[in-house]
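Colleague: I am new to this structure. Please take one part of it and go through it closely, after a short account of the whole.

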Amino acid sequence: MKKVIVCVNARANPDQPSCAARGGAELADRLENILLQSGLPLVLERFECLGSCNKGPNIKLSPGGKFLHHVRLDHLEPVVRAMEAFACKAD
């Protein structure tokens with residue numbers, strides 16, 4: 001099953017960057033709604049760390065898809081296009 005993995009990691013030290021501090025949970029909620037409305041054959045998974053905190057919020061299209069960094073709630077068109085292309089890509 002293909003997944004959209006969204007980092008929702010919240011670091012204990014607020015001085016260190018984290019996806020949660022930059023809106024990772026809200027991003028996951030919004031993308032989950034988009035997936036439900038679109039009917040794309042993808043599952044959204046919330047994940048605690050994708051290892052690129054300084055580039056967050058981060059998304060990974062899995063398996064074998066690309067990483068998306070610096071994702072913003074107010075600019076989701078490129079993310080939705082990437083999800084659509086990934087969903088249609090042959091395994």
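Modeller: The whole chain comes first, then the loop between β1 and α1, and then the other loops.

This is a predicted model, with residues numbered from 1 along each chain as its sequence is written. Local features need pLDDT of at least 70 and side-chain atom pairs count only at pLDDT 80 or more, while totals for chains, interfaces and linings use all residues; side-chain values use heavy atoms, with hydrogens and water left out.

The protein has two helices and four strands, where helices (H or I, at least four residues) and strands (E, at least two) are DSSP runs numbered from the N terminus. In sequence order the pattern is β-α-β-β-β-α. Along its principal axes, the C-alpha trace spans about 40 × 25 × 20 Å. The radius of gyration, taken over C-alpha atoms, is compared with a globule rule of 2.2 Å times the number of residues to the power 0.38. For 91 residues a compact globule would have a value near 12 Å, and the 13 Å of the protein agrees with that.

Of the 91 residues, 42% are buried; buried means under 20% relative accessible area, exposed over 50%, and partly exposed in between, with a 1.4 Å probe and protein chains only. The accessible surface comes to about 5,300 Å², and 53% of that surface belongs to carbon and sulfur atoms; the area is from the Shrake-Rupley method with a 1.4 Å probe, and for residues only the protein chains shown count as cover. A contact means heavy atoms within 4.5 Å. Among contacts between residues at least 6 apart in sequence, 62% join residues at least 24 apart.

Now the part for a close look. S18 sits in the loop between β1 (3-7) and α1 (24-38). With 4% relative accessibility, S18 is buried. Setting aside neighbours within four places in sequence, S18 is in contact with N9, A10, R11 and C53. A20 belongs to the loop between β1 and α1 as well, but A20 is partly exposed, with a relative accessible area of 27%. Residues up to four places away in sequence not being counted, A20 touches V8, N9 and A10. The C-alpha atoms of A20 and G56 are separated by 8.5 Å, although the two residues are 36 residues apart along the chain.

C19 is buried, with a relative accessible area of 1%. Does that cysteine end up bonded or unbonded to C7? The closest cysteine sulfur to that of C19 is in C7, 3.5 Å away, which is too far for a bond. A disulfide here is a pair of cysteine sulfur atoms within 2.5 Å, and a search of the whole structure finds zero of them. C53, the residue that S18 contacts, is in no disulfide either, the nearest cysteine sulfur being that of C49, 4.1 Å away. C53 is also buried, at 7% relative accessible area.

Two loops hold cis peptide bonds. The bond from G56 to P57 is cis, with omega near 0°, and P57 is placed in the loop between β2 (43-47) and β3 (59-62). The bond from S62 to P63 is cis too, with omega near 5°; P63 lies in the loop between β3 and β4 (67-68). Most residues other than glycine have a negative phi, and most peptide bonds are trans.

The loop between β4 and α2 (77-88) contains H70. H70 is not a glycine, yet has a positive phi of about 55°, and is exposed, with a relative accessible area of 52%. H69 is found in the loop between β4 and α2 and is partly exposed at 29% relative accessibility. Not counting residues up to four places away in sequence, H69 touches S52, K55, P57 and N58; P57 is the residue that follows the cis bond from G56. The C-alpha atoms of H69 and P17 are separated by 13 Å, with their positions 52 residues apart along the chain.

Last is the loop between α1 and β2, where L42 is placed. L42 is buried, with a relative accessible area of 9%. Beyond neighbours within four places in sequence, L42 is in contact with K2, V4, L35, M83, F86 and A87. L42 and A87 are 45 residues apart in sequence, and 6.6 Å apart in space from C-alpha to C-alpha.
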